[in-house]
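Hi everyone, thanks for coming. I'd like to walk you through one structure today, so please have a look at the sequence and the model as we go.

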Amino acid sequence: MDSKIGFARVSTVEQDLTIQVEKLKACGCSRIFSGKHSGKEEANKEALEQLLDYVREGDTVVVTKIDRFGRSLSQVLSMIDKLTAKGVNLVAIEQSVDTANNDPMSRAMIQLLGMFAEMERNFIISRTQEGKVASGNFGGRPLTLDKDTRDLIRERLSRGDSKLSLSKEFNVSRTTILNIANENKSR
């Protein structure tokens with residue numbers, strides 16, 4: 001018997017799968033595979049492999065959007081090719097995609113949607129990087145020592161003071177002193 005099998009994915013543990021799962025159930029999915037992980041992670045590959053192992057010829061895999069299969073066009077197209085090779089159709093609810101219509105226009109639409117999903121992801125990364133540059137906040141822990149103290153440490157290092165003695169004096173790790181010493185080289 002041909003079945004509808006759902007696949008839902010969100011990128012982080014904090015995100016909620018509920019809306020995707022409800023849409024897949026409303027579409028008539030008898031089983032839903034899901035995960036909370038980035039398309040980049042190994043866990044996503046495992047969830048997709050479980051889905052591929054489960055589906056049979058004539059089944060239809062249903063997703064809310066085709067980008068649930070991965071973060072790049074190549075990941076999405078690879079998954080669609082694997083489904084096609086098994087004789088499994090794909091339906092993307094929100095994008096009106098159905099690979100049962102195996103015509104050139106349907107295939108082109110899938111590739112366009114995959115490209116736009118990848119482009120959107122790249123825009124998000126670009127905007128995030130621009131925001132980091134604009135704010136000067138690149139993440140990581142705040143600096144333990146202010147600029148004047150760091151300059152003093154670099155001066156004392158140049159005079160031959162040991163990293164260990166400076167780390168004890170300024171109550172920081174030897175690695176912090178080493179990082180301060182290396183800052184001088186990158187300037």
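Let me start with a question for the room: is Cys29 buried or exposed? Cys29 counts as buried, at 12% relative accessibility. Before I go on, please keep in mind that this is a predicted model.

Now, Cys29 has a cysteine neighbour worth a look. The closest cysteine sulfur to that of Cys29 belongs to Cys27, at 5.4 Å. Cys27 itself is partly exposed, with a relative accessible area of 24%. So how many disulfides do we count here? The count is zero. The reason for this pair is distance: a disulfide needs the two sulfur atoms within 2.5 Å, and because the sulfur of Cys27 is 5.4 Å from the one in Cys29, they are too far apart for a bond.

Let's move to the sheet. It is an open sheet of five strands with mixed pairing, and the order runs β2-β1-β3-β4-β5. Which strands stand at the edges? Those are β2, residues 31-36, and β5, residues 97-98; each has a single partner strand, so one side of each is left without a neighbour in the sheet. At the β5 end, the partner is β4, residues 89-92, and the two pair in the antiparallel sense over two bridges. If you want a spot to look at there, find Val91, which stands opposite Asp98 in β5.

While you have that part on screen, look at the loop between β4 and β5, where Ser96 lies. Most residues other than glycine have a negative phi. Ser96 has a positive phi of about 50 degrees, although it is not a glycine. Ser96 is also exposed, at 72% relative accessibility. There is another residue of this kind further along the chain: Asn171, with a positive phi near 55 degrees. You'll find Asn171 in the loop between α6, residues 163-169, and α7, residues 174-186. Asn171 is exposed too, with a relative accessible area of 70%.

Next, the aromatic rings. We count two aromatic pairs. One of them is formed by Phe7 and Phe69, and this pair is stacked, at 5.9 Å centre to centre with 25 degrees between the planes. Where do these two residues sit? Phe7 is in strand β1, residues 4-10, and Phe69 is in the loop between β3, residues 60-63, and α3, residues 73-85, so the pair ties together parts that are 62 residues apart in sequence. Phe7 is buried, with a relative accessible area of 0%, and Phe69 counts as buried at 1%.

One more ring before we leave the topic. Over the ring of Tyr54 sits the charged end of Arg31, 4.7 Å from the ring centre.

My last stop is the largest pocket, which holds about 690 Å³ of space. Its lining consists of 29 residues, and those nearest the pocket centre are Arg9, Ser11, Asp67, Arg68 and Glu120. Which element gives the most to this lining? That is α4, with eight residues. Strand β1 and the helices α1, residues 18-26, and α4, residues 104-135, each supply at least two residues of the lining.

That's the tour. Thanks for listening, and I'm happy to take questions.

Key
Residues numbered from 1 in each chain as written. Predicted model: local features only at pLDDT ≥ 70, side-chain atom pairs only at ≥ 80, totals over all residues. Heavy atoms only, no water. Buried < 20%, exposed > 50% of the residue type's maximum accessible area, 1.4 Å probe, protein only. Pairing = 2+ DSSP bridges. Helix = DSSP H or I, 4+ residues; strand = E, 2+ residues; numbered from the N terminus. Phe/Tyr/Trp six-rings, centres within 6.5 Å; stacked < 30°, edge-to-face > 60°. Lys NZ or Arg CZ within 6 Å of the ring centre and 35° of its normal. 1 Å grid on protein atoms, 1.4 Å probe; cavity = no way out; pocket = protein on both sides within 12 Å on 5 of 7 lines; lining within 4 Å. Points joined across faces, edges and corners; volume = space filled by probe spheres on them.
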